[in-house]
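Q: Please pick one part of this model and take me through it closely. Keep it brisk, and give the cut-offs as you go.

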Amino acid sequence: NKIVSVVHATIVALIAGYLLCTDRGITEYFSFGHSYATELLFQASSGYMIYDIVVSLVNVPKLGFWPSMIAHHLATWTGLFFCSTYRIGMKTTTAFLFTEISTPFMQLRWFMDKMGMSRKDTLFYINGLLAIVVFFIVRVLGSFWLIYEILLNTYEWISEPVYVLLPTFVPVTLAILNTY
């Protein structure tokens, strides 16, 4: 499950970063930008979220129950579903998928621990430092920057029906979960 997590996070973050830099379909319009490449990214990531929820629930006796992780995956899946369905919030959601760039560092720490590496090992220390810095920049600061962007562009989405606005509020939930 950890290997799948690292593979998913790496691929999704790299593609999300690429799309944020090159895909004019999602960057020209903050709330209603659209591209099929982004939809495909959302669908692939949705599949991973469902997979990880199922694996986590099946393995509760071995791994324990992590309600915050389940809530994080459900909020992410919900946002991805509504973004793809109603084509709103694709830029913000793509930016949130980019935050997965911090996951490999966090998972690598687990692997190093299982390999018997000590916290005093240089590689363990460097990975830990990178994990903290990258997590803080992309997940904490990035989350609040996205909330700011959402509020700044309120005029684009405020008149939409409530069910369409769900992807607009999912980043707030994820920001809270990322700082928790």
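A: Helices here are DSSP runs of H or I with at least four residues, strands are E runs of at least two, and both are numbered from the N terminus. The model is predicted, so local features need pLDDT of at least 70 and side-chain atom pairs pLDDT 80 or more, while totals for chains, interfaces and linings use all residues. Numbering runs from 1 along each chain as its sequence is written, and side-chain values use heavy atoms, without hydrogens or water.

The part chosen is α5, residues 67-86. Start with its length. The expected span is 1.5 Å times one less than the number of residues. For the 20 residues of α5 that gives 28 Å, and the end C-alpha atoms are 28 Å apart, which agrees. Just after α5 comes Arg 87, with a positive phi near 50°.

Next, burial. Buried means under 20% relative accessible area, exposed over 50%, and partly exposed in between (1.4 Å probe, protein chains only). The buried residues of α5 are Ile 70, His 72, His 73, Ala 75, Thr 76, Gly 79, Leu 80, Phe 82, Cys 83 and Ser 84.

Now the rings. Phe, Tyr and Trp rings (the six-membered one for Trp) pair when their centres lie within 6.5 Å; planes under 30 degrees apart are stacked, over 60 edge-to-face, the rest tilted. The structure has 5 aromatic pairs. One of them joins Phe 81 and Phe 82, edge-to-face, with centres 5.4 Å apart and planes at 85°. Phe 81 is partly exposed at 39%, whereas Phe 82 is buried at 17%. Phe 82 also pairs with Tyr 86: the centres are 5.6 Å apart and the planes at 25°, so this pair is stacked. Phe 82 and Tyr 86 sit 4 residues apart in α5, about one helical turn. An α-helix has 3.6 residues a turn, so residues three or four places apart point the same way. Tyr 86 is partly exposed, at 33%. Ring pairs join Phe 81, Phe 82 and Tyr 86 with Trp 77 in one cluster.

Finally, a look outward. Contact means heavy atoms within 4.5 Å. α5 is among the elements that cover the buried residues of α3; α1, α2, α4 and α6 are others. Those buried residues include Phe 42, Tyr 48, Met 49 and Ile 53. The covered helix, α3, runs over residues 36-58, and its 33 Å end-to-end distance agrees with the expected span.
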